[in-house]
Number of protein chains: 2
Amino acid sequence: MTAVVHRYVAALNASDLEGIVALYADDATVEDPVGSAVQNGIEAIRAFYANSLKLALKVELTGEVRAVANEAAFAFTVSFEYQGRKTLIAPIDHFRFNDAGKVVSMRAFFGQQNIHAA
Amino acid sequence: MTAVVHRYVAALNASDLEGIVALYADDATVEDPVGSAVQNGIEAIRAFYANSLKLALKVELTGEVRAVANEAAFAFTVSFEYQGRKTLIAPIDHFRFNDAGKVVSMRAFFGQQNIHAA
């Protein structure tokens with residue numbers, strides 16, 4: 001699970017859409033941020049990340065990956081520039097895995113107070 | 001929710017059992033660590049923390065609290081000494097809140113790789 005998290009971060013930094021999608025099960029769900037509409041299934045997830053990758057993202061883990069049972073949680077930062085403004089978001093993501101090691105559920109925890117001018 | 005997390009950390013540091021229990025709803029659940037037996041209801045939760053507080057714990061947030069919708073996630077460290085050995089654990093906790101602002105679900109994410117000799 002820790003290796004999958006590291007692959008996820010690397011794929012985000014490389015704008016590698018198919019590298020990200022490959023980590024997910026076909027019937028996975030993504031709720032990013034928590035409280036927003038849930039993306040259901042791999043095609044919705046691909047479209048969600050394709051939109052996210054329109055901006056070049058710099059992603060860095062902040063601290064160790066917490067992996068236990070069939071779940072993992074990890075804190076990180078995402079930095080990007082939009083219309084000349086640099087922004088840093090500091091989420092905690094939660095992954096749930098199936099027996100094949102694919103992510104079946106991703107939920108991203110961040111609120112307004114975790115979005116910073118950088 | 002962020003204030004509740006700070007009260008939780010302060011109560012752990014103060015070994016304030018009733019201060020911790022007061023943050024939870026009567027029908028709350030605690031799964032600490034994820035994958036272990038779930039503590040169901042406030043009496044089971046009180047017994048769980050009473051046991052945890054047999055050791056003096058030093059708890060420190062590592063990074064900002066992520067609070068969104070009715071949930072919060074936060075990374076922290078817990079340090080303690082047991083039989084002369086200093087140990088540091090680095091969990092991420094997930095709280096879910098009810099409309100009254102009480103914690104109804106706590107899940108603690110940490111695995112063997114998050115337990116360190118300190």
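**Chat: how chains A and B meet**

Author: Start with one pair. In this predicted model, A:Glu71 and B:Arg107 join their side chains in a salt bridge, 2.7 Å from N to O.

Reader: How many salt bridges does the rule find across the interface of chain B and chain A?

Author: Two.

Reader: And polar contact? How many residue pairs between the chains?

Author: The count is 14 residue pairs between chain B and chain A, both residues at pLDDT 80 or more.

Reader: Which elements of chain B give two or more residues to the side that touches chain A?

Author: They are β4 (66-68), β5 (71-82), β7 (92-97) and β8 (103-109) of chain B.

Reader: Which one gives the most?

Author: β5(B), with five residues.

Reader: What's that side made of, by class?

Author: On chain B, the side touching chain A has 14 nonpolar residues, eight polar and five charged.

Reader: OK, the whole contact now. How many residues does each chain put in?

Author: Chain B gives 27 residues, and chain A gives 27 residues.

Reader: What area is buried between them?

Author: About 1,900 Å². Carbon and sulfur atoms give 54% of that area.

Reader: Why do you say the copies meet through the same surface?

Author: Because 100% of the interface residues of chain B are also interface residues in chain A.

Reader: What turn lays chain B on chain A?

Author: A turn of 180°, with a shift of 0.0 Å along the axis. The RMSD is 0.0 Å. That is the relation of a two-fold axis.

Reader: Which residue of chain B comes closest to the rotation axis?

Author: B:Ala75, with its C-alpha at 3.7 Å.

Reader: Back to salt bridges. How many over all chains?

Author: The structure holds ten. One within chain A pairs the side chains of A:Arg107 and A:Glu31, at 2.9 Å from N to O.

Reader: Where do those two lie?

Author: A:Arg107 is in strand β8 (residues 103-109) of chain A, and A:Glu31 is in strand β1 (residues 24-31) of chain A. So the pair ties together parts that are 76 residues apart in sequence.

Reader: Last topic, confidence. What is the mean pLDDT of chain A?

Author: The mean is 97, and 100% of the residues of chain A reach 70 or more.

Reader: What ipTM and pTM does the predictor give the complex?

Author: An ipTM of 0.95 and a pTM of 0.96.

Technical notes. Residues are numbered from 1 along each chain as its sequence is written. Chains are lettered from A and ligands numbered from 1 in the order in which they are written. Side-chain values use heavy atoms; hydrogens and water are left out. Contact means heavy atoms within 4.5 Å. Buried area is the accessible area (1.4 Å probe) that two parts lose on being put together, summed over both. A salt bridge is a side-chain nitrogen of Lys or Arg within 4 Å of a carboxyl oxygen of Asp or Glu. A polar contact is a pair of N or O atoms within 3.5 Å; within protein, one must be able to donate a hydrogen and the other to accept it, and residues adjacent in sequence count only if both atoms are side-chain atoms. Helices (H or I, at least four residues) and strands (E, at least two) are DSSP runs, numbered from the N terminus. Ala, Val, Leu, Ile, Met, Phe, Trp, Tyr, Cys and Pro count as nonpolar, Asp, Glu, Lys and Arg as charged, and the others, Gly among them, as polar. Copies are superposed by least squares on the C-alpha atoms of residues with pLDDT of at least 70 in both. pLDDT is the predictor's confidence in each residue, from 0 to 100.
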